[in-house]
Amino acid sequence: MEGWVLHDLRRTARTLMSRAGVSADHAERCLGHVIAGVRGVYDRYAFLEEKRVAFEALATMVDTILDPPQDNVVPLRR
C-alpha cells in the first residue's frame, strides 16, 4: 500500500480505541498526548493500569478485525 505514513497507524489506533469503548482521556494518554489545562498540570497520576486496559482493548479489536468470529456466518443455499 502506498501513500501512508506512520501517523496513520496512530490515527487508526486512536479510532479503534474509541470503537472499543476506551475513554477519550485514556486513549489520548496511550498516544502520549498531553491533557491540556488545569487537569494536565495538577493530575500527575500515571494511569498505567488504565493504559494497559486500553491497549488490551485495542489488541482485541485488531484481533477481531484480522480474524473475525465465524458464528454469524450462514451458509448460502442453492
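In this predicted model, His-33 sits in the loop that runs between helix α2 and helix α3, the latter covering residues 37-42. With a relative accessible area of 35%, His-33 comes out as partly exposed, because the label "buried" is kept for residues under 20% and "exposed" for those over 50%. Setting aside residues up to four places away in sequence, His-33 touches Arg-10 and Glu-28. The chain also carries on well past this loop: Val-73 comes 40 residues away from His-33 along the chain, and the C-alpha atoms of the two are separated by 40 Å.

His-33 turns up again in the lining of the largest pocket. About 160 Å³ of space lies in that pocket. Its lining starts, in sequence order, with Arg-29, His-33, Val-34 and Ile-35, carries on through Arg-39, Gly-40, Asp-43 and Arg-44, and finishes with Tyr-45, Ala-46 and Lys-51. Sorted by type, these lining residues split into five charged, four nonpolar and two polar.

Tyr-45, one of the pocket-lining residues, also belongs to an aromatic pair, and a search of the whole structure finds one such pair. The partner of Tyr-45 is Phe-47, with the ring centres 4.7 Å apart and 70 degrees between the planes. That pair counts as edge-to-face, since the angle between the planes is over 60 degrees. Phe-47 itself lies in the loop between α3 and α4. Despite that loop setting, Phe-47 is buried, at a relative accessible area of 10%. Its backbone deserves a look as well: phi is near 55 degrees, a positive value in a residue other than glycine.

Next comes the interior. In soluble globular proteins, nonpolar side chains tend to be buried together. Here, the largest nonpolar core has ten residues. Ala-13, Leu-16, Met-17 and Val-22 belong to this core, along with Ala-27, Cys-30 and Leu-31, and the list is rounded off by Ala-54, Leu-58 and Met-61. Helix α1, helix α2 (24-30) and helix α4 (48-66) are the elements that give two or more residues to the core.

A few core members can be followed one at a time. Ala-27, in helix α2, has a relative accessible area of 0% and so is buried. Beyond its neighbours within four places in sequence, Ala-27 is in contact with Arg-14, Met-17 and Val-22. Between Ala-27 and Glu-56 there are 12 Å from C-alpha to C-alpha, with the two set 29 residues apart in sequence. Ala-13 belongs to helix α1 and, at a relative accessible area of 14%, is buried too. Ala-13 and Met-61, both in the core, are 48 residues apart in sequence, yet 9.5 Å apart in space, C-alpha to C-alpha.

Arg-14 is the charged residue to follow in helix α1, which spans residues 6-19. It has 18% relative accessibility and therefore counts as buried, given that the cut-off for that label is under 20%. Leaving out neighbours within four places in sequence, the contacts of Arg-14 are Ala-24, Ala-27, Glu-28 and Leu-31. Two of these contacts, Ala-27 and Leu-31, are themselves core residues. Leu-31, with sequence neighbours up to four places away set aside, is in contact with Arg-10, Arg-14 and Met-17. Arg-10 also appears among the contacts of His-33, which leads back to the loop between α2 and α3.

Key: Residues numbered from 1 in each chain as written. Predicted model: local features only at pLDDT ≥ 70, side-chain atom pairs only at ≥ 80, totals over all residues. Heavy atoms only, no water. Helix = DSSP H or I, 4+ residues; strand = E, 2+ residues; numbered from the N terminus. Buried < 20%, exposed > 50% of the residue type's maximum accessible area, 1.4 Å probe, protein only. Contact = heavy atoms within 4.5 Å. 1 Å grid on protein atoms, 1.4 Å probe; cavity = no way out; pocket = protein on both sides within 12 Å on 5 of 7 lines; lining within 4 Å. Points joined across faces, edges and corners; volume = space filled by probe spheres on them. Nonpolar A, V, L, I, M, F, W, Y, C, P; charged D, E, K, R; others polar. Core = buried A, V, L, I, M, F, W, Y, C linked by side-chain atoms within 4.5 Å. Phe/Tyr/Trp six-rings, centres within 6.5 Å; stacked < 30°, edge-to-face > 60°.
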